[in-house]
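Visitor: Please take a close look at one part of this model, and then relate it to the surroundings. A connected account of helix faces, packing and backbone geometry would be welcome.

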Amino acid sequence: MRFCAFLTGLLLAMPAAAADGWQAIQQDARGQTVWFNAWGGDPAVNRYLDWVSGEMKTHYAISLKIVHLADAADAVKRIQTEQAAGRKAHGSVDLLWVNGENFRTLKEANLLQSGWAQSLPNWRYVDTHKPVAEDFAIPTEGAESPWGGAQLTFIARKATTPTPPGDPQALLAYARQHPGKVSYPRPPDFTGTAFLEQLLLSLTARPDALKKAPDKTFAQVTAPLWAYLDALHPLLWREGNDFPPSPARMDALLASGSLNLSLTFNPSHAQQKAASGELPADSYSFGFHDGMLGNVHFVAIPANAGASAGAKVVANFLLSPQAQLRKADPAIWGDPSVLDARTLPAEEAKRLTALTPEGLPEVLPEPHAAWVNALEQEWLRRYGTR
């Protein structure tokens with residue numbers, strides 16, 4: 001009986017201890033300046049993060065400074081340089097929007113704090129059926145906190161593409177019917193590389209090989225991809241001798257009529273851009289019938305962060321129902337939520353369900369992170385000098 005009473009008391013004390021620990025973190029965070037390095041390539045994203053900054057100042061006494069990046073790799077290099085210079089504390093990056101290959105680089109070099117993500121109070125709302133425990137097949141081990149979903153998505157217009165192509169062969173046939181009206185972002189643009197991975201997932205006879213780092217079978221596994229691109233490229237915009245530098249440029253070419261298709265990693269992107277007038281009103285999203293590449297994007301805290309407590313408070317706020325609902329609204333950003341509606345109060349659950357796009361194709365898991373560099377290098381060797 002005494003043991004049972006002791007055990008009951010221990011179990012009751014654990015949530016209280018966790019609450020006390022979080023209160024201490026919040027207290028330490030007050031007055032801190034948090035440098036959040038995040039991709040800055042979309043005005044909607046930037047406006048959302050400006051709102052987050054205001055909320056952190058008003059409610060948590062944290063000064064959140066957004067460093068807009070063209071590529072997260074720039075921040076990774078800075079973290080590596082600081083480590084090499086012996087700067088083991090008070091680094092220039094406190095919180096980083098990172099995933100995939102860059103996460104692997106930092107994690108393998110022990111340049112990230114780990115074991116903190118699941119201890120955030122708002123983790124209880126996270127949909128753990130989503131791939132929140134791994135990033136490009138690399139276990140996160142609590143070194144990343146999820147804050148948004150993503151899925152590779154095509155954008156077309158009803159006026160020019162009333163029936164979208166449903167698989168790679170249909171896309172090739174569409175390109176033959178509409179020469180010069182199809183393209184994809186030039187790798188190593190993130191979306192361009194994802195397009196290569198999407199095709200490889202669909203075309204290879206060895207899909208299991210993509211779950212681990214490339215090995216001596218690379219040529220055999222990828223041969224169908226290069227054969228497909230060799231057939232596709234002459235049919236592309238500028239005959240495949242040039243490629244748009246970014247998805248934003250593809251959007252502009254779609255809006256002007258120079259392209260019939262664009263690419264994005266946000267299933268709500270077409271709706272959001274059409275509502276803002278940046279894309280034609282008849283723009284819509286679609287994917288291949290057998291599924292489209294998808295992932296979760298995360299924030300991480302470098303090992304030498306100078307405002308670690310503040311970074312955790314920001315990461316926790318990004319998981320709050322308030323922040324996730326605002327982010328999922330296409331009128332604001334339209335970025336898919338990582339929360340499980342079943343964990344939310346009824347009204348918030350109803351709102352989240354209403355903001356979740358319908359009819360999305362199955363989410364296909366991304367290949368191992370090492371495939372990113374391998375595919376980019378081979379693509380550049382084959383097509384990069386044109």
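**A close reading, beginning in the interior**

Guide: With a relative accessibility of 0%, N37 counts as buried. The model is a predicted one, and every value quoted below is computed from it. N37 belongs to strand β1, residues 33-39. Leaving aside residues up to four places away in sequence, N37 touches V67, L69, A75, R78, S92, V93, L95, L96 and W97.

From this buried position the account turns to helix α5 and the segments around it. The buried residues of α5 (168-177) are P168, L171, L172, Y174 and A175. Because they span an arc of only 160 degrees around the axis, they sit on the same side of α5. R176 and Q177, on the other side of the helix, are exposed. The cover over the buried residues of α5 includes strand β7 (153-157), helices α6 and α7, and strand β8 (261-264). At the start of α5, a side-chain oxygen of D167 comes to within 3.0 Å of the backbone nitrogen of Q169.

One of the elements covering α5, helix α6, can be examined as a packing partner. The axes of α5 and α6 come within 10 Å of each other and cross at roughly 120 degrees. Since angles of 65 to 115 degrees count as roughly perpendicular, and only those over 145 as roughly antiparallel, α5 and α6 are therefore classed as oblique to each other. On the α5 side the contact is made by P168, Q169 and L171, and on the α6 side by F195, L199, S202 and L203. Of these, P168 and L171 also appear among the buried residues of α5, while Q169 is the residue whose backbone nitrogen is approached by D167.

The loop joining these two helices deserves its own attention. P188 is found in this loop, between α5 and α6 (190-203), and the peptide bond from P187 to P188 is cis, with omega near 15 degrees. Most peptide bonds are trans. K181 lies in the loop between α5 and α6 as well, and K181 is partly exposed because its relative accessible area is 28%. Apart from residues up to four places away in sequence, K181 touches G257, S258, L259, N260 and L261. One of these partners is reached through a polar atom pair: the side chain of K181 comes to 2.6 Å from the backbone oxygen of G257. A longer separation concerns A209: K181 and A209 are 28 residues apart in sequence, and their C-alpha atoms are 33 Å apart in space.

G257 leads on to helix α8, for G257 comes just after α8 and takes a positive phi of about 90 degrees. The buried residues of α8 are P247, M250, D251, L253 and L254. Seen down the axis of α8, these residues fall within an arc of 165 degrees, so they line one face of the helix. Their cover includes β7, α6, β8 and α9 (269-276). Among the elements listed for α5, β7, α6 and β8 are likewise listed for α8.

Positive phi values also arise outside glycine. Most residues other than glycine have a negative phi. E239, which is not a glycine, has a positive phi near 55 degrees. Its place is in the loop between α7 (218-232) and α8 (247-256). E239 is classed as exposed because its relative accessible area is 54%, the cut-off for that class being over 50%. F136, again a residue other than glycine, has a positive phi near 55 degrees and lies in the loop between β4 (134-135) and β5 (138-139). Is F136 buried or exposed? F136 is buried, because its relative accessible area of 5% falls under the 20% cut-off.

A second helix pair may be set beside α5 and α6. Helix α2 (residues 43-60) and helix α11 (residues 321-328) pack with their axes 11 Å apart, at an angle of about 160 degrees. The two helices are therefore roughly antiparallel to each other. The contact involves Y48, W51 and E55 of α2, together with Q322, A323, Q324, R326 and K327 of α11. The crossing in which α2 passes α11 is right-handed.

How values were computed: Residues are numbered from 1 along each chain as its sequence is written. This is a predicted model: local features need pLDDT of at least 70, side-chain atom pairs count only at pLDDT 80 or more; totals for chains, interfaces and linings use all residues. Side-chain values use heavy atoms; hydrogens and water are left out. Helices (H or I, at least four residues) and strands (E, at least two) are DSSP runs, numbered from the N terminus. Buried means under 20% relative accessible area, exposed over 50%, partly exposed in between (1.4 Å probe, protein chains only). The arc is that of the directions from the helix axis to the C-beta atoms. Contact means heavy atoms within 4.5 Å. A polar contact is a pair of N or O atoms within 3.5 Å; within protein, one must be able to donate a hydrogen and the other to accept it, and residues adjacent in sequence count only if both atoms are side-chain atoms. Axes are lines fitted to C-alpha atoms, for helices over the stretch in contact, and angles run from 0 to 180 degrees between N-to-C directions. Angles under 35 degrees count as roughly parallel, over 145 as roughly antiparallel, 65 to 115 as roughly perpendicular and the rest as oblique. A crossing is left-handed if the near helix is turned anticlockwise from the far one by less than a right angle, and right-handed if clockwise.
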